Structure formats: C-alpha cells, structure tokens
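Me: I'm new to this one and would like to learn how to read it. Could you walk me through it, feature by feature?

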Amino acid sequence: MASPISKSLISVLIALFLISSSFASSDVPFIVAHKKASLKRLKSGAERISVSIDIHNQGTSTAYDVSLTDDSWPQDKFDVISGNISQSWERLDAGGILSHSFELDAKVKGMFHGSPALITFRIPTKAALQEAYSTPMLPLDVLAEKPTENKLELAKRLLAKYGSQISVISIIVLFVYLITSPSKSAAKGSKKKR
C-alpha cells in the first residue's frame, strides 16, 4: 500500500503536469531569431560585414507589431553601407519567417564581439510588449592581417585532407587496368600450346 505522503506527492505531480501542459498548449507566439555575420575583404583593403537576421515564429498564434533592433554596431567603428540596423513589420504569422539584412563598413581594426539583436512584439491577450533576443554571433576579427598562403602549403593541406581517398581510387584504377588489359605472358603461352 502507498503511504499518504506518496499519494499526496503523486497528486501534486499530476496537478503540476496538467497545469504545465495547459500553459504549453496556450495560444501564443514563440519567437526564435538567428543572427549571423560574415566578413568580406574588398580589393581596396576595406572590409565589409554582411549581417542577416532571420526571425521565426514557432508558436501557434500571430505576433503583431514586430520590431527588430540591432544596436551592437557602434558608429565610431562601423558605417552602415546598405540597409538599416532596425526594421518593423506589421505581423508575423504562426510558422512564418521574416528576414532582414544590412551591410557595414569597418573603420577600426580588432576583435569585435557583437551582442544579440532585440526583437519586440505584441500579443493581443497582453498589453505589455514582449521581448525576444537573437542568437549571439561569433567574434569577428575585423581588418585582420591574413597571411597569404603559398601553393605548397595548400597542396600539403589538400594531401592531408584527401590523401587516403586518392590512394584508394588509384588502387582501384590500377586493379581495373590489370583485369581488363591482356597480359603478354598469357598471349605467348597460348601460342606454345598449339
């Protein structure tokens, strides 16, 4: 028989499970945002940073008055070349995706650690604005001196990476060649038997 304490503990766990499942199935948007940045070296020696932010609504209802702000790019270190660091949309339907991108020109050399972008949105059932943050981006080494790689180093790297595949393919080709080409000793031996 179960003790009264274990019965009450089980009933509390069941009640918590039912309450949590009712919150999980409630009709709300669930915003997931992914921020990524990539560097591109120009021939003039300048460096461009392409930033893209994808906002996904993984929830079951529409998010309204969706606003994106990415203030992690200080004006003394970066110039906005194309696009804006903020954007607004009227709505984001359940299962929908919004994308925003912009380009920056780097002014200062060094390592840059950007912060996540802020997404605000409204839910019809709540008066207060809801907030979500994008994923953080990896550190960027802006205007870094990148040594030129000579062809010998490139060949060594390729050989180390693909050397085993090349040797297997060459063994297979050699085997197929030996099987398909007639041998000279076999041709001489067949003449002697006649």
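Me: Let's start with strand pairing. In which sense do β2 and β6 pair, and over how many bridges?

Reply: Keep in mind that this is a predicted model. To read a pairing, look at the sense of the two strands and count the bridges. Here β2 and β6 run antiparallel to each other, with nine bridges between them. For one rung of that ladder, find Ile55: its bridge partner in β6 is Leu98.

Me: And how do β1 and β2 pair?

Reply: That pairing is antiparallel too, over 11 bridges. One place to look is Val32, which sits opposite His56 of β2. The two strands form a hairpin with five residues between them, and there Gly45 has a positive phi near 100°.

Me: Is β2 mostly covered or mostly open?

Reply: Here you need a cut-off: a residue is buried when under 20% of its relative area is accessible. By that test eight of the 11 residues in β2 are buried, so the strand is mostly covered. A general idea helps when you look at any strand: in a regular one, side chains alternate between the two faces of the sheet.

Me: What about the core: how many residues does the largest nonpolar one have, and which have the most contacts inside it?

Reply: It has 27 residues, and Ile55, Trp73 and Ile119 are the ones with the most contacts inside it. Strands that each give at least two residues to this core include β1 (31–41), β2 (47–57), β6 (97–106) and β8 (118–122).

Me: Which residues does Trp73 touch, if I skip its neighbours within four places in sequence?

Reply: Quite a list: among them are Ala37, Ile49, Val51, Phe78, Phe102, Leu104 and Met137. Lys35 is also in contact with Trp73.

Me: Now the outside. Which residues make a nonpolar surface patch?

Reply: Val168, Ile172, Phe175, Val176 and Ile179 make one of about 500 Å². To place it, use Ile172, which belongs to helix α2 (residues 151–180).

Me: Let's zoom out. How many helices and strands does the chain have, and in what order do they run?

Reply: There are three helices and 10 strands. Reading from the N terminus, the order is α-β-β-β-β-β-β-β-β-β-β-α-α.

Me: What can whole-chain numbers add?

Reply: They set the scene. The chain has 194 residues, and 24% of them count as buried. Among contacts with a separation of 6 or more, 69% join residues 24 or more positions apart. The accessible surface is about 14,100 Å², with 62% of it belonging to carbon and sulfur atoms.

Note on methods: Residues numbered from 1 in each chain as written. Predicted model: local features only at pLDDT ≥ 70, side-chain atom pairs only at ≥ 80, totals over all residues. Heavy atoms only, no water. Core = buried A, V, L, I, M, F, W, Y, C linked by side-chain atoms within 4.5 Å. Buried < 20%, exposed > 50% of the residue type's maximum accessible area, 1.4 Å probe, protein only. Helix = DSSP H or I, 4+ residues; strand = E, 2+ residues; numbered from the N terminus. Contact = heavy atoms within 4.5 Å. Pairing = 2+ DSSP bridges. Patch = residues over 30% accessible without salt bridge, like charges linked within 9 Å, V, L, I, M, F, W, Y side chains within 5 Å. Areas by Shrake-Rupley, 256 points an atom, 1.4 Å probe, with all protein chains shown as cover. Salt bridge = Lys/Arg side-chain N within 4 Å of Asp/Glu carboxyl O.
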